[in-house]
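I am opening a fresh page for this chain and will write down each item as I look it up.

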Amino acid sequence: MYLHLGQDTVVRTDEIVGIFDLDTSTVSKRTREFLTKAQKAGQVVNVSMELPKSFVLCAQPGRKGGHTLYISQISSATLLKRTGFMEELSFK
């Protein structure tokens, strides 16, 4: 299955490591350091033309560093709903 992140960008849901809210997750110094390091390494793809609300970390073994971080204007809650992950948990 695929997840639409905005601006004609989709990722495979089996590659998603995590979906994070930018407002709450960037409170942590370690998260800010991680984001800075990923930006310097060229592993960040900004798919947001508006104020970014979330970021999605995807494991991509063939890519330098093994992951890509997507910045999205779509809220983390909406992205999570789109994955259908919570619905799968409720049926098990």
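What is the mean pLDDT of the chain, and what share of its residues reach 70 or more? The model is a predicted one, and I note a mean of 87 for the chain, with 91% of the residues at 70 or more.

**Entry on confidence by element.** I then went through the elements of the chain, where strand 5 has the highest mean pLDDT, 95, and helix 4, residues 85-91, has the lowest, 55. Where pLDDT is low, predicted coordinates should not be read in detail. I therefore leave helix 4, with its mean of 55, without further comment, and turn to strand 5.

**Entry on strand 5.** Strand 5 spans residues 54-59, and I find five of these six residues buried, so that I record the strand as mostly covered. I next looked up its pairing: with strand 3, residues 16-21, strand 5 pairs in the antiparallel sense over five bridges. Strand 5 also pairs with strand 6, residues 67-72, again in the antiparallel sense, and here I note six bridges. For individual positions, I wrote down that phenylalanine 55 of strand 5 has phenylalanine 20 opposite, and that cysteine 58 has threonine 68 in strand 6 as its bridge partner.

**Entry on aromatic rings.** How many aromatic pairs does the count give? The count comes to one. The pair is formed by phenylalanine 20 and phenylalanine 55, whose ring centres lie 4.9 Å apart with 20 degrees between the planes, and it is stacked, because planes under 30 degrees apart count as such. Since phenylalanine 20 lies in strand 3 and phenylalanine 55 in strand 5, the pair ties together parts that are 35 residues apart in sequence. I also looked up how covered each partner is: phenylalanine 55 is buried, at 3% relative accessibility, whereas phenylalanine 20 is partly exposed, with a relative accessible area of 31%.

**Entry on charged side chains.** Which residue forms a salt bridge with aspartate 14? The partner is arginine 12, and I note 2.6 Å between the closest N and O atoms; the search of the whole structure finds this one salt bridge. Is aspartate 14 buried or exposed? Aspartate 14 counts as exposed because its relative accessibility is 57% and the cut-off for exposed is over 50%. Arginine 12, at 38% relative accessibility, counts as partly exposed, so I enter neither partner of the salt bridge as buried.

Terms used:
Residues are numbered from 1 along each chain as its sequence is written. This is a predicted model: local features need pLDDT of at least 70, side-chain atom pairs count only at pLDDT 80 or more; totals for chains, interfaces and linings use all residues. Side-chain values use heavy atoms; hydrogens and water are left out. A salt bridge is a side-chain nitrogen of Lys or Arg within 4 Å of a carboxyl oxygen of Asp or Glu. Buried means under 20% relative accessible area, exposed over 50%, partly exposed in between (1.4 Å probe, protein chains only). Helices (H or I, at least four residues) and strands (E, at least two) are DSSP runs, numbered from the N terminus. Two strands pair if DSSP finds at least two bridges between them. pLDDT is the predictor's confidence in each residue, from 0 to 100. Rings of Phe, Tyr and Trp (its six-membered ring) pair if their centres lie within 6.5 Å; planes under 30 degrees apart count as stacked, over 60 as edge-to-face and the rest as tilted.
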